[in-house]
Amino acid sequence: MKKSLVIIPARGIGDLIYHLPLLRSLYESYKEKLIIISNKVNHSKEIYKYETFYEKIIYFENTRFPFIKTLKTIINLKNLINQFNVDQLILTGSPRRLMAPVYLSNVKKKIIFGEGNFLFFKNNKYQHLTHAEKIIKYTDDLNLPVKNKNFFLTSNQIIEKDQYSNSSVKLFITLDSHHDQNNWKLKNFITIISKIMQYDVKIFINFSPSKLYFLDQIPKEIINSNKIKFTHNENILEIMNIINSCTFVIGNETGPICLGASLKKEVHSIYLPIHTKPESQIIKGNVFYYNTKEENDETIINKIMSSVLKKISLT
């Protein structure tokens, strides 16, 4: 038995999905629930709510601060780490402001993903890989006794939101992406939504709460339809519940797409290869990818519609 503390500096929901094999492998290898210290912006308490591999999750603020405040946060994180009598500590990233409290902590075994041969140096051997691929490579490098490769969230306790609709087919459509690097044209989503609305469906439309201007660009017949529910004001746990009740998840390659794949939904992910490759591919599952540099908008729309209509015709 070995007690482990894992520090997750990553900001994204998808990043938490990519950590699942590591967290499960640690728990199953050492038969001890984990202590997790996690970046407060990634919503790990909600995403991992139904998982059994952890004892507690504590949030910390992983932000670049001025020098004096950075020193205070280093000391605070070091003190937080020292509160737990753990056998090993794993930091799954290598920001120097997080390396420092790890080095200063009294944990005997310290593992930092991406650490170089000297203090505060970084190892670039996996620099060519995506963040998801790096996490898996570093997890493999641990040579843990048990290797759990499961990227699927535990969903049997998630509340399915059937009370929203009696429709047999439900869709979750996400209109934006992290930093807007991967956004497909809004008019394309409007086209898909307008076509699907002709059938007995329920459509949940999601975007960042900071982008209320989307509502000015969406036709009133969509906004006012009883087949539509906007989810931009829902919390992450509620978003998970809604996605778990849906048949399809459609949108730009971003956090909700990773959630959909991890909840074993039929996912249609659109991405721009200029900015990113589809990291959610590592999850596997029933996911279809559309490269906007290789396929035109009309082709992508037709492929997505074909898949949705096939399911509607079977119900």
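# Salt bridges, cores and cysteines in a predicted model

Trainee: How many salt bridges does the count come to?
Mentor: This is a predicted model. A salt bridge here needs a Lys or Arg side-chain nitrogen within 4 Å of a carboxyl oxygen of Asp or Glu. By this rule the count comes to 10 salt bridges.

Trainee: Which parts of the chain hold K40 and E61, and how many residues apart are they?
Mentor: The side chains of K40 and E61 meet in a salt bridge, 4.0 Å from N to O. K40 is in the loop between β2 and α3, and E61 is in the loop between β3 and α4. The pair thus links distant parts of the chain, with the two residues 21 residues apart.

Trainee: Is K40 buried, partly exposed or exposed?
Mentor: Buried means under 20% relative accessible area and exposed means over 50%. K40 has 42% relative accessibility, so K40 falls in the class in between. E61, the partner of K40 in the salt bridge, has 40% and counts as partly exposed. For K40 the class is also partly exposed.

Trainee: Are D176 and K211 buried or exposed?
Mentor: The side chains of D176 and K211 meet in a salt bridge at 2.9 Å, N to O. D176 sits in the loop between β6 and α7, while K211 sits in the loop between β7 and α8, 35 residues apart. Both D176 and K211 are buried.

Trainee: What is the relative accessible area of E234?
Mentor: E234 meets K229 in a salt bridge, 3.6 Å from N to O. K229 is partly exposed, with a relative accessible area of 22%. E234 is partly exposed, and its relative accessible area is 27%.

Trainee: Which residues are joined into one network by salt bridges that share partners?
Mentor: Side chains of opposite charge can pair when their charged atoms come close. Here, salt bridges that share partners make one network, and its residues are K3, E32 and E55.

Trainee: Why is C258 in no bond with C246?
Mentor: A search of the whole structure finds zero disulfides. C246 is in no disulfide, and the nearest cysteine sulfur to that of C246 belongs to C258. C246 and C258 are each buried, C246 with a relative accessible area of 3% and C258 with 3%. The sulfur of C258 is too far from that of C246 for a bond, because the distance is 16 Å.

Trainee: Which helix supplies the largest share of the largest nonpolar core?
Mentor: The largest nonpolar core has 50 residues, and I36, I47 and Y48 have the most contacts inside it. Elements that each supply at least two residues of this core include β1, α1, α2 and α11. The largest share, six residues, comes from α10.

Trainee: How many residues are in the other core, which includes I196 and I222?
Mentor: This core lies apart from the largest one. Y290 and I312 are also among its residues. The size of this other core is 31 residues.

Trainee: Which elements do the buried residues of α5 pack against?
Mentor: Helix α5 spans residues 96–104, and its buried residues are L98, M99, A100, P101, V102 and Y103. The elements they pack against are β1, β3, α4, β4 and β5.

Trainee: What is the accessible area of the nonpolar patch formed by F67, I68 and L71?
Mentor: I68 lies in helix α4. I68 is exposed, with a relative accessible area of 55%. Together F67, I68 and L71 have an accessible area of about 330 Å².

Definitions and conventions:
Residues numbered from 1 in each chain as written. Predicted model: local features only at pLDDT ≥ 70, side-chain atom pairs only at ≥ 80, totals over all residues. Heavy atoms only, no water. Buried < 20%, exposed > 50% of the residue type's maximum accessible area, 1.4 Å probe, protein only. Helix = DSSP H or I, 4+ residues; strand = E, 2+ residues; numbered from the N terminus. Contact = heavy atoms within 4.5 Å. Disulfide = S-S within 2.5 Å. Core = buried A, V, L, I, M, F, W, Y, C linked by side-chain atoms within 4.5 Å. Patch = residues over 30% accessible without salt bridge, like charges linked within 9 Å, V, L, I, M, F, W, Y side chains within 5 Å. Areas by Shrake-Rupley, 256 points an atom, 1.4 Å probe, with all protein chains shown as cover.
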